[in-house]
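This report describes one protein chain, from its overall form down to single residues. The sequence and structure come first.

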Amino acid sequence: IRENLPPGTLVTTLCAVDADTGAFGELRYTVLEQTVGDPITGDGRDAFAVNRSSGELRSRLTFDYERAKAFQLLVRATDAGNASATVTVRVLVTGEDEYDPIFLSPSFNFEVPEGARKGQSIGRVLATDEDEGVDGVVLYALAKPSPYFAINQTTGTIYLRMDSQPQAGAGRAKREPREMNLEVQARSPLPTSRTASTQVTIDVTHTSFGLAPD
C-alpha cells in the first residue's frame with residue numbers, strides 16, 4: 001500500500017476455500033493479531049480491518065513510509081463448525097516523493113587552479129532529501145552540458161573535462177578576472193522526482209576557457 005492513501009483503502013481480498021457446501025462452507029474472517037515491522041514506532045494494532053464475510057482487507061490509517069515500512073497480520077478463517085485456518089499477511093508500505101532536495105547552499109563558488117589537468121576535481125556541491133528509500137537518493141546533473149566541466153552524478157563533484165590551458169602570452173598581472181556560471185540540478189532516480197537547482201560560479205581567470213584562440 002502506498003503511503004498517504006486515505007483510511008479505508010483496499011489492500012487485498014483474502015480468500016480461503018472450504019470444500020463443504022451449504023452453511024458449513026461459509027467462512028468468517030477475523031484478524032487475530034497485527035504487528036509493525038519497525039518496533040520503534042509501536043505496534044500496528046488496528047492498522048487494518050478485514051470484512052468478516054468478503055475477506056476484504058482495508059487500511060484503517062493513513063501510513064507514513066518514513067515512520068513504518070511493513071506490517072504483519074495473522075488472519076483466521078472459520079466455518080460454521082468452528083473449523084479454522086490461519087494465514088500470515090505481510091503488508092509493505094511504499095514511499096512517495098514528498099520532499100524537494102535541498103542544497104546546503106543556494107550558490108557555490110569554486111576556482112580552477114593554474115595548471116589544473118583534465119579529470120581534476122575543483123569542488124563539490126551537496127544536497128539532502130528527507131524522503132527515504134529510492135526517493136531520498138540524490139543524483140546530480142548539469143542543467144546544460146559544458147565543454148569544460150562535468151559532474152559526478154552520485155557525489156556532486158565537479159571536475160574538468162580538459163586541461164586548464166593557460167592563456168598564451170598573458171602575464172600574471174595582465175589577467176582580467178573571469179568567471180563562468182553553471183546550474184546544477186538535484187533529483188532522485190525516479191522519472192517523477194522532485195528537483196532542485198543551485199548556481200555554481202567558477203573562477204576561470206587562470207585558464208583560456210571561453211576565449212577565442214590567438
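## Overall form

The chain has 15 strands and 0 helices. The model is predicted. Along its principal axes, the C-alpha trace spans about 100 × 30 × 20 Å. The radius of gyration of the chain is 29 Å, whereas a compact globule of 214 residues would have one near 17 Å.

Of the 214 residues, 36% count as buried. Among contacts between residues at least 6 apart in sequence, 65% join residues at least 24 apart.

## Domains

The domain assignment divides the chain into domain 1, residues 9-92, and domain 2, residues 102-208. Between the C-alpha centres of domain 1 and domain 2 the distance is 52 Å.

## Nonpolar cores

The largest nonpolar core contains 25 residues. Within this core, the residues with the most contacts are Phe103, Val125, Tyr140, Phe149, Ile158, Val184 and Val200. At least two core residues are supplied by each of the strands E8 (107-111), E11 (139-142), E12 (149-151), E13 (157-160), E14 (179-187) and E15 (195-203). Strand E14 gives the largest share, 4 residues.

Val125 shows how one member of this core is surrounded. With neighbours within four places in sequence left aside, Val125 is in contact with the aromatic residues Phe103, Phe108, Phe110 and Tyr140. The other contacts of Val125 are Ile151, Thr155, Gly156, Ile158, Val184 and Val200. A second core, separate from the largest one, has 17 residues, among them Leu14, Phe48, Phe71 and Ala77.

## Aromatic pairs

A pair of aromatic rings is described by the distance of the centres and the angle of the planes. The structure holds 9 aromatic pairs. In one of them, the ring centres of Phe103 and Phe108 are 6.4 Å apart and the planes stand at 75°, so this pair is edge-to-face. In another, Phe108 and Phe110 have ring centres 6.2 Å apart and planes at 25°, so this pair is stacked. Ring pairs join Phe103, Phe108, Phe110 and Tyr140 into a cluster.

Are Phe103 and Phe108 buried or exposed? Both are buried. Phe108 counts as buried because its relative accessibility is 11%, under the 20% cut-off. Phe110, at 16% relative accessibility, also counts as buried.

## A lysine over a ring, and Leu92

Lys69 lies over the face of Tyr65, at 4.8 Å from the ring centre. Lys69 is also one of the residues that Leu92 touches, along with Ile1 and Ala70, when residues up to four places away in sequence are not counted.

Leu92 belongs to strand E6, which covers residues 84-92. The C-alpha atoms of Leu92 and Phe71 are separated by 6.5 Å, although these residues are 21 apart along the chain. Phe71 is among the residues of the second core.

## Ser188 in a loop

Where is the place of Ser188? Ser188 is in the loop between E14 and E15. With a relative accessible area of 2%, Ser188 is buried.

Which residues are in contact with Ser188, leaving aside its neighbours within four places in sequence? They are Asp97, Val134, Asp135, Val137, Ser193 and Arg194. The strands on either side of this loop, E14 and E15, each supply at least two residues of the largest core.

Technical notes. Residues are numbered from 1 along each chain as its sequence is written. This is a predicted model: local features need pLDDT of at least 70, side-chain atom pairs count only at pLDDT 80 or more; totals for chains, interfaces and linings use all residues. Side-chain values use heavy atoms; hydrogens and water are left out. Rings of Phe, Tyr and Trp (its six-membered ring) pair if their centres lie within 6.5 Å; planes under 30 degrees apart count as stacked, over 60 as edge-to-face and the rest as tilted. Buried means under 20% relative accessible area, exposed over 50%, partly exposed in between (1.4 Å probe, protein chains only). A charge sits over a ring if NZ of Lys or CZ of Arg is within 6 Å of the ring centre and within 35 degrees of the ring normal. Domain bounds come from an automatic or database domain assignment. A nonpolar core is a set of buried Ala, Val, Leu, Ile, Met, Phe, Trp, Tyr and Cys residues joined through side-chain atoms within 4.5 Å. Contact means heavy atoms within 4.5 Å. The radius of gyration is taken over C-alpha atoms; the globule rule is 2.2 Å times the number of residues to the power 0.38.
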